[in-house]
Amino acid sequence: MHELGLVNYVVKQVGKIAEENQVKRITSVTLEFGEVSGIVTSYLYDYWKWYTKKFPMFDGAELRCETIPAITWCDDCKQTYPTVKYGKTCPHCGSGNTWLQQGNEMNIKQIEVEDLEEGGSDDKSGNADPEGTAGAD
Ligand SMILES: [Zn+2]
């Protein structure tokens with residue numbers, strides 16, 4: 001039920017932001033997850049479809065997910081390495097004295113909206129312009 005709670009949370013957060021900005025309809029929400037956050041995105045998509053039906057504002061809103069790579073820091077040799085590949089043992093020096101630096105988080109990255117009410121000249125949060133998400137690989 002981890003994923004359901006998350007969908008609930010995201011809908012609440014986005015709904016609040018939308019209300020504050022007099023947004024009538026959400027067209028898409030982009031989430032980003034850490035690689036080791038344990039989120040199963042296929043469940044997430046299912047819950048999203050089912051749950052957002054209850055809210056006209058979210059009718060037809062698309063859910064997108066992006067991954068934040070997990071990176072571990074080694075306290076002994078002061079280097080980082082990819083967590084998923086090497087786990088808790090540092091590939092540089094073999095130390096187990098390591099800490100997850102990133103990869104366990106979840107953020108609402110971007111919200112795209114259909115229309116603002118008349119009269120609001122505020123910034124349109126979530127313009128259709130996609131952010132540069134090209135990986136640094
Ligand atoms: Zn090391």
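Which residues touch the most other members of the largest nonpolar core? In this predicted model, that role falls to Val7, Val10, Val14, Ile26 and Val29, out of the 17 residues that the core contains. Several elements contribute to this core: helix H1 (2–20), strand S1 (26–34), helix H2 (41–52) and strand S6 (106–113) each provide at least two of its residues. The largest share, five residues, is supplied by H1. A helpful place to begin looking is Val10, which touches Val29, Leu31 and Ile108 when residues up to four places away in sequence are left out of the count.

With the core in view, the overall layout is easier to follow. The protein has three helices and six strands, and reading along the sequence gives the pattern α-β-α-β-β-β-α-β-β. Buried residues account for 20% of the 137 residues in the protein. Contacts can also be sorted by how far apart the partners lie in the sequence. Of the contacts between residues at least 6 apart, 68% join residues that are at least 24 apart.

The packing of two helices comes next. Two packed helices are described by the angle between their axes together with the distance between those axes. For H1 and H2, the axes come within 9 Å and cross at roughly 50 degrees. An angle of this kind is neither under 35 degrees nor in the range from 65 to 115 degrees, so H1 counts as oblique to H2. The crossing of these two helices is right-handed. On the H1 side, the residues that take part in the meeting are Glu3, Leu4, Leu6, Val7, Asn8 and Val11. Their counterparts in H2 are Tyr43, Leu44, Tyr47, Trp48, Tyr51 and Thr52. Val7 is worth a second look: this residue belongs to the H1 group that meets H2, and Val7 is also one of the core residues that touch the most other members.

Finally, there is a sheet to trace. Three strands form an open sheet in the order S4-S3-S5, with antiparallel pairing. Strand S4 (80–82) and strand S5 (98–102) are the edge strands, each of them pairing on one side only. On average, neighbouring strands of this sheet are turned by 35 degrees against each other, ignoring direction. Within the sheet, strand S3 (residues 71–74) is joined to S5 by four bridges, and the two strands run antiparallel. To find this pairing in the structure, a reader can start at Cys74, which stands opposite Thr98 in S5.

Conventions: Residues numbered from 1 in each chain as written. Predicted model: local features only at pLDDT ≥ 70, side-chain atom pairs only at ≥ 80, totals over all residues. Core = buried A, V, L, I, M, F, W, Y, C linked by C-beta atoms within 7 Å. Buried ≥ 20, exposed ≤ 12 C-beta atoms within 10 Å, placed from the backbone. Contact = placed C-beta atoms within 7 Å. Pairing = 2+ DSSP bridges. Axes fitted to C-alpha atoms, helices over the stretch in contact; angles between N-to-C directions. Parallel < 35°, antiparallel > 145°, perpendicular 65-115°, else oblique. Left-handed = near helix turned anticlockwise from the far one by under 90°.
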